[in-house]
Amino acid sequence: MKSVALIPARYAATRFPAKLMQDLGGKTIIRHTYENTRDTRLFDEVIVVTDSKIIFEEIVHNGGYAIMSHGEFESGSDRIAAASKDLDAGVIINVQGDEPFVDKQSLEKLIQVFDDESVQVASLMCPLKEPEIDNPNFVKVVVDIKNNALYFSRSPVPFFRNKNIPNSYWKHIGIYGYRSNILMEFTQWEKTPLENAEMLEQLRLLENGVSIRMIETSSSPISIDTHEDLERAQKKLEEYLQHKKSI
């Protein structure tokens with residue numbers, strides 16, 4: 001089964017404009033994301049899908065594969081769905097452009113879960129600790145006994161009324177795997193009430209009865225949404241590069 005990693009890369013960003021072109025240890029964030037995804041050697045193709053000539057040239061001039069998207073898109077999912085129409089791929093992995101520390105083990109687990117023919121959509125989660133639990137920028141996910149998502153929320157869920165059991169929370173990592181047909185269908189559906197309330201598009205899938213299989217990982221990557229995130233990423237980079245050399 002052919003698998004393709006698509007990396008949506010929008011130049012504009014509300015909280016941190018041009019964040020993907022920020023320098024991180026001598027390379028731009030988007031170049032780190034592309035090269036680290038490509039270097040896992042898990043995919044038949046890795047493609048940056050962008051609305052920006054600046055990002056396009058950054059990838060292509062450094063030996064990568066990028067395509068220009070045309071039209072207005074509300075989300076990265078919409079952008080990669082449009083790009084995937086011409087790809088002969090069974091599974092599409094959506095790697096966010098602001099995730100420069102993607103790791104091979106997590107992506108491999110995400111691909112392998114599609115050996116189960118019942119899985120249509122999958123994503124990643126990792127343990128979440130204080131003080132991030134109350135932070136609405138860290139999305140929480142609740143799962144059933146088969147690790148299918150029950151709900152995603154910016155609020156701390158579940159609420160532990162029973163104080164006699166240890167509380168545990170799962171952080172949702174915004175890297176998704178889709179069978180190509182469900183990606184195309186999902187991006188054509190109307191926005192749903194819970195999606196609009198939480199501003200989380202994955203709730204559209206749940207509200208339409210599509211299961212999302214959650215894959216546990218110990219890795220908690222830094223998504224770069226703010227200048228503070230970039231500072232944290234700079235500190236983590238040296239540790240990450242040392243780990244990469246040891247693989």
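**Helix 1, helix 3 and the overall fold**

T37 is found in helix 1. The model in which this residue is described is a predicted one. T37 has a relative accessible area of 0% and is therefore buried, the cut-off for that class being under 20%. Leaving aside residues up to four places away in sequence, the contacts of T37 are A5, I7, F43, V46, V95, V102 and L107.

The neighbouring position in the discussion is N36, which lies in helix 1, a segment spanning residues 29–38. N36 counts as buried because its relative accessibility is 7%, and the limit for burial is under 20%. The side chain of N36 has a polar atom placed 2.6 Å from the backbone oxygen of P100. Thus two residues of helix 1 are described here as buried: N36, at 7%, and T37, at 0%.

Helix 3 comprises residues 76–84 and is mostly covered, with seven of its nine residues buried. These buried residues are S77, D78, R79, I80, A81, A83 and S84. Among them are charged residues, D78 and R79, as well as the two serines S77 and S84. The buried residues of helix 3 pack against both strands and a helix. The strands are strand 1 (3–9), strand 4 (45–50), strand 5 (66–68), strand 6 (91–94) and strand 10 (169–179). The helix in this set of partners is helix 5 (180–186).

At the level of the whole chain, eight helices and 11 strands are present. The radius of gyration is 18 Å, close to the 18 Å given by the globule rule for 247 residues, so the chain is as compact as a globular protein of that length. Along the principal axes, the C-alpha atoms fill a box of roughly 55 × 40 × 35 Å. Of the 247 residues, 50% count as buried.

Contacts across the sequence were also considered. Among those between residues at least 6 apart in sequence, 68% join residues at least 24 apart. The surface exposed by the chain amounts to about 12,800 Å², and carbon and sulfur atoms supply 48% of this area. The chain carries 29 positive and 37 negative charges, and the mean positions of the two sets are 3 Å apart.

Note on methods
Residues numbered from 1 in each chain as written. Predicted model: local features only at pLDDT ≥ 70, side-chain atom pairs only at ≥ 80, totals over all residues. Heavy atoms only, no water. Helix = DSSP H or I, 4+ residues; strand = E, 2+ residues; numbered from the N terminus. Rg over C-alpha atoms; globule rule 2.2 N^0.38 Å. Buried < 20%, exposed > 50% of the residue type's maximum accessible area, 1.4 Å probe, protein only. Contact = heavy atoms within 4.5 Å. Areas by Shrake-Rupley, 256 points an atom, 1.4 Å probe, with all protein chains shown as cover. Charge placed at Lys NZ, Arg CZ, Asp CG, Glu CD. Polar contact = N/O pair within 3.5 Å; in protein donor to acceptor, adjacent residues only side chain to side chain.
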